[in-house]
Protein chains: 2
Amino acid sequence: MRSKRAVVLLSGGLDSSTTLAEAIHEGYESYALTVRYGQRHEHEIDAARAIAGKLGVRDHIVAEIDLKQFGGSALTSDDIDVPKERWPEDLATGIPVTYVPARNTVLLSVALAWAEVLGSSDLFIGVNAVDYSGYPDCRPEFIEAFENLANLATKAGVEGASRFQVHTPLLTLSKADIIRRGLELGVDYSLTSTCYDPTEGEACGQCDACQLRLKGFEQAGVQDPIRYRNA
Amino acid sequence: MRSKRAVVLLSGGLDSSTTLAEAIHEGYESYALTVRYGQRHEHEIDAARAIAGKLGVRDHIVAEIDLKQFGGSALTSDDIDVPKERWPEDLATGIPVTYVPARNTVLLSVALAWAEVLGSSDLFIGVNAVDYSGYPDCRPEFIEAFENLANLATKAGVEGASRFQVHTPLLTLSKADIIRRGLELGVDYSLTSTCYDPTEGEACGQCDACQLRLKGFEQAGVQDPIRYRNA
């Protein structure tokens, strides 16, 4: 019997790289999907390519979609600075300015399109509800709503040949747990890219993402192998 | 009070053009969104621009996303011919080969991203459950599942400031009813493009989409203003 196929969203960061390693470990023939949504950090794409190659995927597609032209996020807009030190939050909700509108909805939709063509009913995404930075589209109820949508949206779902499942192996793990698990699975974290605002291959060490990463490595008792300019 | 904003998906076809006219008629400050998903028919984009200009939108964005690289549909793949005369269907489901995997999921996701940036909670899409060609993502249950997802996915939904609504003004109309309504609202159907396989500005008159359109105009008792090569 042919092994089951899965589409794995791969940004090139720590979480998605660990998620890909998990999918492969679980025996899925893995198809990595990187979506360029107009983010500033091109280096993430290079990291995704390196990780996909190292872990051994069946195929890797980089799909372009320009969310940048809508504006609205520090991660995609040139008009909003990436916050340093402690990032500002919406006081009512704690959702940071680095939130990209509808990002995971768009990412999962594109993954669903590829999965349906591949005859796959398994998607993997590295969302996390513990150290999740307050993004609404990282919560379990969002994931369940997407699974429900996927089964109504697609030919495969309507035919009942398969039930779409969105796998979130990191959902309840702390950043330190994710790092420990990734190291067990052989993830080379020196290839991953996390920083929202890197320069010349060096992470800033100060943005939201860097702080979460550094804290995770510290709590895991492991040295982070990437270079920081201000750590 | 500022008028309410809506994002309207506009392909340049008959249905989406009528939908845009309806959104404007209902008093929405309308933002037209055309998604190029690697379809063969570039002429649709030109049609969308002409319609958006004529009906008077606040802004019109053409977003690119290459679903073509996934393959899987006669509308996006060079390997599958667009069917002529009567199009072949999956015998079990009646879903035609022109089905684009997860298309409306992707389109609505991108529309949601823009809506959130605009502070809009209203999306318009010209899906139709009467003459709907058998696409699973044109059904009311799909639309409801997307509304549910949108309210969980977004900062606006989490904050409870607004409840996302997906408006489907054509859902229960026949093609003839759509055309009658569009003419009432002043839609210039000579600008719209419907054919899956046009050449030099002429529609084929034979594909699924052309047949539905021609039958609609016939039943509405109106002459279709576009040119056909084989009607």
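In this predicted model, 41 residues of chain B are in contact with 41 residues of chain A. Which elements give two or more residues to chain B's side of that meeting? They are strand 3 (59-64), helix 3 (103-118), helix 4 (140-153) and helix 5 (155-159) of chain B. Helix 3 of chain B gives the most, with 10 residues. Sort the side of chain B that touches chain A by class and you get 24 nonpolar, 10 polar and 7 charged residues.

Now for how the two copies sit relative to each other. A turn of 180° with a shift of 0.0 Å along the axis lays chain B on chain A, at an RMSD of 0.0 Å. The copies are thus related as by a two-fold rotation axis. Looking for a landmark on that axis? Among the residues of chain B, B:Ile65 comes closest, with its C-alpha at 2.5 Å. And since 100% of the interface residues of chain B are also interface residues in chain A, the copies meet through the same surface.

Let's step inside chain A and pick out helix 2. This helix covers residues 43-55, and its 13 residues reach 18 Å from first C-alpha to last, close to the 18 Å expected at 1.5 Å a residue. Buried along helix 2 of chain A are A:Glu44, A:Ala47, A:Ala48, A:Ile51, A:Ala52 and A:Leu55. Seen down the helix axis, these buried residues fall within an arc of 130°, so they line one face of helix 2. The general rule behind such a pattern: an α-helix has 3.6 residues a turn, so residues three or four places apart point the same way.

What covers that buried face includes helix 1 (14-25), strand 2 (29-36) and strand 3 (59-64) of chain A. Just after helix 2, A:Gly56 takes a positive phi of about 90°.

How values were computed: Residues are numbered from 1 along each chain as its sequence is written. Chains are lettered from A and ligands numbered from 1 in the order in which they are written. This is a predicted model: local features need pLDDT of at least 70, side-chain atom pairs count only at pLDDT 80 or more; totals for chains, interfaces and linings use all residues. Copies are superposed by least squares on the C-alpha atoms of residues with pLDDT of at least 70 in both. Two residues are in contact if their C-beta atoms, placed from the backbone, lie within 7 Å. Helices (H or I, at least four residues) and strands (E, at least two) are DSSP runs, numbered from the N terminus. The expected span of a helix is 1.5 Å times one less than its number of residues. A residue is buried if 20 or more other C-beta atoms lie within 10 Å of its own, exposed if 12 or fewer, and partly exposed in between; C-beta atoms are placed from the backbone. The arc is that of the directions from the helix axis to the C-beta atoms. Ala, Val, Leu, Ile, Met, Phe, Trp, Tyr, Cys and Pro count as nonpolar, Asp, Glu, Lys and Arg as charged, and the others, Gly among them, as polar.
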